Amino acid sequence: MVSSYCLLCGSAYQTSGSFSDWLFGNSVIDPLCSPCKNRCHYIQGPICQDCGRPSQVELCADCRIWRTKYDFVLTNRALLSYDSFLKDFMHQYKFVGDYRLRSAFSSELKEKFGKQISQSALVISVPVSRQTMRERGFNQVKGLFAFAEKKMRNDILYVADKKQTSKLDRRDRLNKANLFFLKNKDCAENEIILLDDVYTTGTTLHQAAACLYEAGAKKISTISLAR
Ligand SMILES: [Zn+2]
Ligand SMILES: [Zn+2]
């Protein structure tokens, strides 16, 4: 047993694994204590067929609107509900910038989505802009899905800084509302899985998918930590 401090609430707790395992990196020590982890809600039972949120109806109201806005349907599946716990977690991970939290759900993500990811032709994590990279120092999505790192292609999809577009006039800005762009067309004819941290409004993933479909992607589905 190893003594550790929870990276979310700060309380001390015992974790399984020996000190030498920890020292030599043989076991990933859970960065969250169990009371914190027990606050999260795994998505179970009936879900919206498009966005993957818990839902008693086949298509939630948001997704019915998405279907009118784009000529493709995005199928998202998520591990957790986006609730107050997830808000706290993402705040600490992204904005406080504690990169050690990246492994908090890696075994659960791998268990639920590992097979789907390994069978997919192309796996792309939603990129962060250069500005965000400078400020945060890491891509939070790549961190969460680090177990799939060998499959991930990070040289295809990019996203521009919001600031760059504020200099443009209004018409240009509207045209550039989608900040994603591609640096190569390897997505053409491919089935793609897009990975993201949180599916909130769905805008990010729809825009990223639109960009890939425009370049000839065959089919895109998405996986997020939370919905
Ligand atoms: Zn805790
Ligand atoms: Zn939905």
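In the predicted model, helix H5 covers residues 106-119. At 1.5 Å a residue, its 14 residues should span 20 Å. The C-alpha atoms at its two ends lie 18 Å apart, which agrees with that expectation. H5 is nevertheless bent, by about 65° at phenylalanine 113.

The chain as a whole contains 10 helices and eight strands. Of its 227 residues, 29% are buried. Contacts between residues at least 6 apart in sequence were also examined. Of these, 73% join residues at least 24 apart.

The largest nonpolar core has 47 residues. Six of them touch the most other members: Ile192, Leu194, Leu195, Ala208, Leu212 and Leu225. Helix H10, residues 203-214, gives the most to this core, with five residues. Domain 1 (1-38) and domain 2 (41-226) both contribute residues, so the core lies between them. Leucine 225 has contacts in several stretches of the sequence once its neighbours within four places are set aside. Its partners are Ala78, Leu79, Leu80, Phe105, Leu109, Leu144, Asp197 and Val198.

At the start of the chain, strand E1 (residues 2-5) pairs with strand E2 (residues 12-15). The two strands run antiparallel and are joined by four bridges. Valine 2 has threonine 15 of E2 as its bridge partner. Tyrosine 5 is bridged to alanine 12, also in E2. E1 and E2 form a hairpin, with six residues between the strands. Glycine 10 sits in the turn and has a positive phi of about 85°.

A positive phi also occurs at glutamate 189, where it is about 65° although the residue is not a glycine. Most residues other than glycine have a negative phi. Glutamate 189 belongs to the loop between strand E6 (180-182) and strand E7 (191-198). It has 10 other C-beta atoms within 10 Å, so it is exposed.

The loops on either side of H5 were considered next. Leucine 101 lies in the loop between helix H4 (84-95) and H5. It has 21 C-beta neighbours inside 10 Å. The threshold for burial is 20 or more, and leucine 101 therefore counts as buried. Beyond four places in sequence, leucine 101 is in contact with Leu7, Pro31, Phe89, Gln92 and Tyr93. Its C-alpha atom is 8.7 Å from that of glycine 143, a residue 42 places away along the chain.

Alanine 121 occupies the loop between H5 and strand E4 (122-125). With 15 C-beta neighbours inside 10 Å, alanine 121 is partly exposed. Apart from residues up to four places away in sequence, it touches Asn190 and Glu191. The C-alpha atoms of alanine 121 and isoleucine 193 are separated by 8.2 Å, and the two residues are 72 apart along the chain. Isoleucine 193 falls within the bounds of strand E7 (191-198).

Two further loop positions are exposed. Lysine 150 is placed in the loop between helix H7 (140-144) and strand E5 (157-159). It has 8 C-beta neighbours inside 10 Å and so counts as exposed. Lysine 150 is 27 residues from valine 123 in sequence. In space, their C-alpha atoms are 9.5 Å apart.

Proline 46 is in the loop between helix H2 (34-37) and helix H3 (61-69). With 10 other C-beta atoms within 10 Å, proline 46 is exposed. It touches Ser55 and Gln56, leaving out residues up to four places away in sequence. Glutamate 58 is 12 residues from proline 46 along the chain, and their C-alpha atoms are separated by 8.2 Å.

Methods: Residues numbered from 1 in each chain as written. Chains lettered and ligands numbered in written order. Predicted model: local features only at pLDDT ≥ 70, side-chain atom pairs only at ≥ 80, totals over all residues. Core = buried A, V, L, I, M, F, W, Y, C linked by C-beta atoms within 7 Å. Buried ≥ 20, exposed ≤ 12 C-beta atoms within 10 Å, placed from the backbone. Domains from an automatic or database assignment. Contact = placed C-beta atoms within 7 Å. Expected span 1.5 Å × (residues − 1). Bend = angle between axes of the 7 residues up to and from the residue. Pairing = 2+ DSSP bridges.
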